[in-house]
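The following exercises concern the packing of helices in a protein. Each task is followed by a solution in steps. Please examine the sequence and the structure before beginning.

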Amino acid sequence: MTADAAEEVLLGVDTHKDVHAAAVVTVLGATLDRRSFPATADGYRQLVAWARSFGVLRRAGVECTGSYGAALARHLRVEGIEVTEVNQPDKAARRRHGKTDAVDAEAAARAVLSGRATAAAKTSDGPVEMLRLFKLAKGSAIKSRTQAINQLKSVLVSADVTLRESLAGLTNPLLFKRCAELETPDASGPASAARVTLRLLARRIQHLTDEINDLNKRIAEAVKVSTPGLLEVHGVGPDSAAVLLICAGDNPERVDSEASFAALCGTSPVEASSGKTQRRRLNRGGDRQANAALYRIVLSRLRWDGRTQEYLRRRLAEGKTRREIIRCLKRYVAREIYRLIVAPGPAADTAGAAT
């Protein structure tokens, strides 16, 4: 089936690891064709050429743009096509229409056409994507190091009494250093096997520590490249900054207001009024890691920033609970961070902005 070359069409894609299912619909909602393509560079070119054979292609709805659809989304943007992130169809729609990859692809295109899907996909092609990868590697290194430390101390508890007493009372860095330097004779019994195990675990811990320290430096450098001035904000460290930047993405302009960013971080207030009681409660949605980063920033300010401490005392006197005050402070911090992310530059003196 062919269409008038001047007619606009929309592309919908249901992405998978090896194959992407695609569908093309007109702006009036008519389905023109559905087909599957391999998830390869050649397959992406074939998909775009096929979709454009039906008309003018300006918009595409793609599922899973942060995982299976990330490479396809980048290719579509290079081709000048606006990519919209599409969530999976709701269960009620699937019960009515069934579930196949082709049906899901068509539903993705219709979600863009109807306006149900409006969020621009993250570009994942700049320093924020670097931060995401570094944070991923750091998280697994920290988890592995914690496991190795717990195993080393577990082995030490049941080790030979002479060895255990020689290592008693040492701080962790010195303990790991001494264990890494243990002599390891041939394993002729449990005592020598314990020494070998302690040495291996200690050297693993040291290697992972070096890896984590290197990643810390890389994360700090990537934050400075992405958003100069963000690390100058009171209470913001490299890890918290990285989490908030990852939440916003490499194209933060897709978040059109500071209120949207607050909602994305789960800090927008939710009405919880009833009868004569007028109040707002915590938002339990949004990116929970970004929410936790804002919480850490607020705790730092409550401890070290005089203006934030004064704000806490004033709101307590007004009858607010500490939990409600922290919610308000997270909202203020989200506003401050958003302004820096969308317009990178030197940080203003905004510590304790809640006044």
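**Exercise 1.** Determine whether helix H9 is mostly covered or not, and state which elements cover its buried residues.

*Solution.* Step 1: nine of the 11 residues of H9 are buried, so that this helix is mostly covered (buried means under 20% relative accessible area, exposed over 50%, partly exposed in between, with a 1.4 Å probe and protein chains only). Helices are DSSP runs of H or I with at least four residues, strands are runs of E with at least two, and both are numbered from the N terminus. The model is predicted: local features need pLDDT of at least 70, side-chain atom pairs count only at pLDDT 80 or more, and totals for chains, interfaces and linings use all residues. Residues are numbered from 1 along each chain as its sequence is written, and side-chain values use heavy atoms, with hydrogens and water left out.

Step 2: the buried residues of H9 include Ala 242, Val 243, Leu 245 and Ile 246. Step 3: among the elements that cover the buried residues of H9 are H5, helix H8 (190–226), helix H10 (258–264), H11 and H13. Step 4: just after H9, Gly 249 takes a positive phi of about 90°.

**Exercise 2.** Describe how H5 packs against H9.

*Solution.* Step 1: the axes of H5 (residues 127–157) and H9 (residues 238–248) come within 9 Å and cross at roughly 125°. Step 2: H5 is therefore oblique to H9 (angles under 35 degrees count as roughly parallel, over 145 as roughly antiparallel, 65 to 115 as roughly perpendicular and the rest as oblique). Step 3: Val 128, Leu 131, Arg 132, Lys 135 and Lys 138 of H5 meet Asp 239, Ala 242, Val 243, Leu 245 and Ile 246 of H9 (contact means heavy atoms within 4.5 Å). Step 4: by class, this contact of H5 with H9 has six nonpolar, no polar and four charged residues.

**Exercise 3.** Describe how H11 packs against H13.

*Solution.* Step 1: the axes of H11 (residues 288–304) and H13 (residues 322–342) come within 9 Å, crossing at roughly 105°. Step 2: H11 is therefore roughly perpendicular to H13. Step 3: H11 contributes residues including Leu 294, Ile 297 and Arg 301 to the contact, and H13 contributes residues including Ile 326, Leu 329 and Glu 336. Step 4: the contact of H11 with H13 has nine nonpolar, one polar and four charged residues.

**Exercise 4.** State how many helices and strands the protein chain has.

*Solution.* The protein chain has 13 helices and seven strands.

Notes. Axes are lines fitted to C-alpha atoms, for helices over the stretch in contact, and angles run from 0 to 180 degrees between N-to-C directions. Ala, Val, Leu, Ile, Met, Phe, Trp, Tyr, Cys and Pro count as nonpolar, Asp, Glu, Lys and Arg as charged, and the others, Gly among them, as polar.
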